[in-house]
Structure formats: C-alpha cells, structure tokens
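Here are my notes on the model, as promised. Have it open next to you while you go through the points.

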Amino acid sequence: MTETKFTPRVFSGIKPSGGLTLGNYLGAIKRFVGMQGAGFETIYCVVDLHAITVWQDPAELKTATREVAAGYLASGIDPEKSILFNQAQVHEHAELGWIFNCVARVGWMNRMTQFKDKAGSNAEKVSLGLYAYPSLMAADILLYHATHVPVGEDQKQHVELTRDIAAKFNHDFKVDFFPLTSPVIEGPAMRVMNLRDGTKKMSKSGESDMERINMTDDADAIAKKFKKARTDPEPLPETLDGLKDRPEARNLVDIYSALNDMTPEAVIAEYAGAGWGRFKPALADLAVDKLAPISTEMERLMNDPAEIDRVLGRGAVRAREIAAPILKQTYDIVGLLRS
Ligand code: AQP
C-alpha cells in the first residue's frame, strides 16, 4: 500500500494529567508549532479521555485540560492555522477506539513497555483503560487519516502499534482505507530525562516536583531545580562522545541545545571543559528566557477560561467535519448497520 493517496496531515495530542513539563514542550509542543504551515494540515488535541485512565479529580481535570490548551496557544499554536480541541468533545474517538479494541490483539498490548512501566507490580489493579490506551491512541490518529505524528521517543512504540492496527484492519476487510502513519521523532530532546535520575523520563505525574521543570515555574524555581539537578562531578568533555556514559550530563546538554535551537555538538564546542558552576546557571538563564514569555501568556489565558472553552469548542466542530465521515465509512466497511 502506498501512503500517497492521503492528504499530508499531522495529528498529535497531550494528556491533561497534570501541569505541562519541559519534556512535553521540547518533545512535543515546540515541534507541533514548527509543523504548522509547513505543508501539512495540523490537528492538535488535548487527550482528556487518556487522562482518565488513571484517577483524576473532576474539577482538576477541567483545569488541566484548559491549561494544556493554554500551553498550546501560548507556545504559538494558532487556532486559525491548526485545529485545536479536546478529545471528549468529538465522540468519534471513543467509537473508533472500540472498533480498534476488536482489531488489536492482546499479545500486542502485552508488549507495550509504557504499560509495564506505569502498572509496575500493580498490573492487576490498574484500569482496563490504561491497558487499552494505545488502541484509543490509534483511533485518535487514524480517525483523521493522519500521515505524520510528531511525538517524543516514549510514544514511538504506540505509533508503531497504530501502523499494525491500520495494516490488520486493511488486510482483514480487504481495503486500503487507513494510512500507515509515520512517527516524527527528530531533534536533540526527544526524551527529556528526570532531573534527579537521568535514567527515567521527565513526567507530569512524577513523585517529586524537583525532578521536572513545569511550564508554569517561575525564574527562581527554574534556577533552583537546575542547580539541584543531579550530575556527576566531571566538567563537560571536549567532544559529545565524552557524554556517552553520563546520562544526567547528556540530558542537560540536550535540553540546552533544544531550547537554543543548536546541535548538542555546538553546545559542547561552546562549553568544553566548563564545570557545573558555569553551565547550570547558563542553562537556567536560557530556560527562563525561553519559557517566561510562554508562562506569562499561559497565565493570561487561564484568567479567561470561557475564551479557552470557546476555542476548544470551535476546534471540536472543525475536527468532527473530518472525523465523522471517516467513522461512517469505517462502520460501513465493518458492516455496522446505519439506518
Ligand atoms: N520527558 C519527555 N521527553 C520528550 N517528550 C516527552 N513527552 C512527554 N514526556 C516527554 C511527549 O509529550 C507528548 C504528550 O505526552 P502525554 O502527556 O500525552 O503523555 P506522556 O508521554 O505519558 O507524558 P507524561 O508527562 O509522562 O504524563 P504522565 O506522567 O501523566 O504519564 C508526547 O508526544 C510525548 O512523547
């Protein structure tokens, strides 16, 4: 099957399961902005149905949904150029998700490493939704026949599963209906790591606030968190190779390079031999410089929740214009009667 018959279309989403982190910004939102107006139709979503796979306080969920929307808008997602909405307002996502639950195989789900990480030793007690989440994610993407999905490294396996689901659906029903979507994972900070443990990724829902930079952190908090970030005692090396077995140091160099739109090699060229007493304050200054305008704008937007709701509602109407016909065709292919 060729992918050329499909309109170049980008879909991606972020879960409102807490406040946005620097990981979400560098691994996702900054790149979403870059793909806007670059030859793709762009559809960006606040995936609230994914957030409830773990317990969410209902009032906090609404606030977090608006905060993710504010993060998109403040970072440069333009609701005129992109479709911006929250998933729960387009019921077709859940409906296609159910059909894909009947296409995906249990064995495929059992291989998903994110489920294993999140469920840990508690796998019997987590929600069925958490287990089935990658199949809903496939529905999010394929409901729009999206050809490209910009994601961080942690979501690569789920986009590969989306391709498996599309291929099995096309094969089982002898159609050429769903595209084989490509993950877009490029750049230096596709896996921003936890500031206290360089082997774990930075997450919204991580235990300690000191392990992540929140998009709403002020300058003092950012400086303090980078100052206390775990590192080894060695200065920065002469070449990037010298960071091979130094995950915490590599993480800080990658963050610097992504924030400043330069390669990690260029960062090393500039800071070769520098100790942490020089590099960490430079990193904190850079982060404040880049993030402060975004957090100020997020705060302004959050003071007008009705406006955010209006933007999301309008986006949902536009999203349904694409999603509803694709779901109808899917029903017809599967043999679900519509009268
Ligand atoms: N640390 C990260 N580095 C690079 N990219 C990241 N992303 C998330 N964390 C990092 C990317 O952000 C997008 C949205 O992710 P999500 O919020 O929907 O889900 P997640 O990956 O499970 O994010 P969190 O922060 O870890 O949430 P919790 O703690 O609630 O599970 C995706 O493109 C993701 O790759």
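1. Phe100 is buried, at a relative accessible area of 0% (buried means under 20% relative accessible area, exposed over 50%, and partly exposed in between, with a 1.4 Å probe and protein chains only). You'll find Phe100 in helix H4, residues 92-101; helices (H or I, at least four residues) and strands (E, at least two) are DSSP runs numbered from the N terminus. Leaving aside neighbours within four places in sequence, Phe100 is in contact with Ser135, Ala138, Ala139, Leu142, Ile165, Phe169 and Phe178, contact being heavy atoms within 4.5 Å. For Ala139, 39 residues away in sequence, the C-alpha to C-alpha distance to Phe100 is 6.9 Å.

2. A word on what you're looking at. This is a predicted model, where local features need pLDDT of at least 70 and side-chain atom pairs count only at pLDDT 80 or more, while totals for chains, interfaces and linings use all residues. Residues are numbered from 1 along each chain as its sequence is written, and side-chain values use heavy atoms, with hydrogens and water left out.

3. Now the ligand. Which residues come nearest to the ligand, of the 23 around it? They are Ser17, Lys118, Asp154, Lys204 and Ser205; a residue counts as near if one of its heavy atoms lies within 4 Å. By class, the shell has seven nonpolar, ten polar and six charged residues. For that split, Ala, Val, Leu, Ile, Met, Phe, Trp, Tyr, Cys and Pro are nonpolar, Asp, Glu, Lys and Arg are charged, and the others, Gly among them, are polar.

4. Three polar contacts to the ligand deserve a look (N or O atom pairs within 3.5 Å; within protein, one must be able to donate a hydrogen and the other to accept it, and residues adjacent in sequence count only if both atoms are side-chain atoms). From Lys118, a side-chain N or O atom is 2.3 Å from a ligand oxygen. Gly23 has a polar backbone atom 3.3 Å from a ligand nitrogen, and a backbone N or O atom of Gly152 lies 2.8 Å from a ligand oxygen. On its own the ligand exposes 640 Å², and the protein buries 97% of that (Shrake-Rupley areas with a 1.4 Å probe; for residues, only the protein chains shown count as cover). Strand E1 (9-14), helix H1 (22-35) and helix H6 (113-119) are the elements that give two or more residues to the shell. H1 gives the most, with four residues.

5. How many disulfides does a search of the whole structure find? Zero, taking a disulfide as a pair of cysteine sulfur atoms within 2.5 Å. As for two of the cysteines, Cys45 is buried at 0% relative accessible area, whereas Cys102 is partly exposed at 47%.

6. Two backbone oddities to check by eye. Most residues other than glycine have a negative phi. His145, though not a glycine, has a positive phi of about 50°. The residue sits in the loop between helix H7 (128-142) and strand E4 (148-150), and His145 is buried at 12% relative accessible area. Lys174 also has a positive phi, near 50°; Lys174 lies in the loop between helix H8 (156-172) and strand E5 (182-184) and is exposed at 74%.

7. The loop between helix H9 (219-228) and helix H10 (247-259) holds Pro235, and Thr231 is in the loop between H9 and H10 too. Pro235 is partly exposed at 37%, and the C-alpha atoms of Pro235 and Gly275 are separated by 4.4 Å despite being 40 residues apart along the chain. Beyond four places in sequence, Pro235 touches Arg246, Gly273, Ala274 and Gly275. Thr231 is partly exposed at 24% and, with the same sequence cut, touches Glu248, Leu252, Trp276 and Lys280.

8. Finally, two buried helix residues. Asp254 is in helix H10 and buried at 12%; past four places in sequence, Asp254 is in contact with Pro188, Ala189 and Pro264. Thr65, in helix H3 (residues 58-75), is buried at 8%. Leaving aside neighbours within four places, Thr65 is in contact with Pro16, Val46, Asp48 and Asn86.
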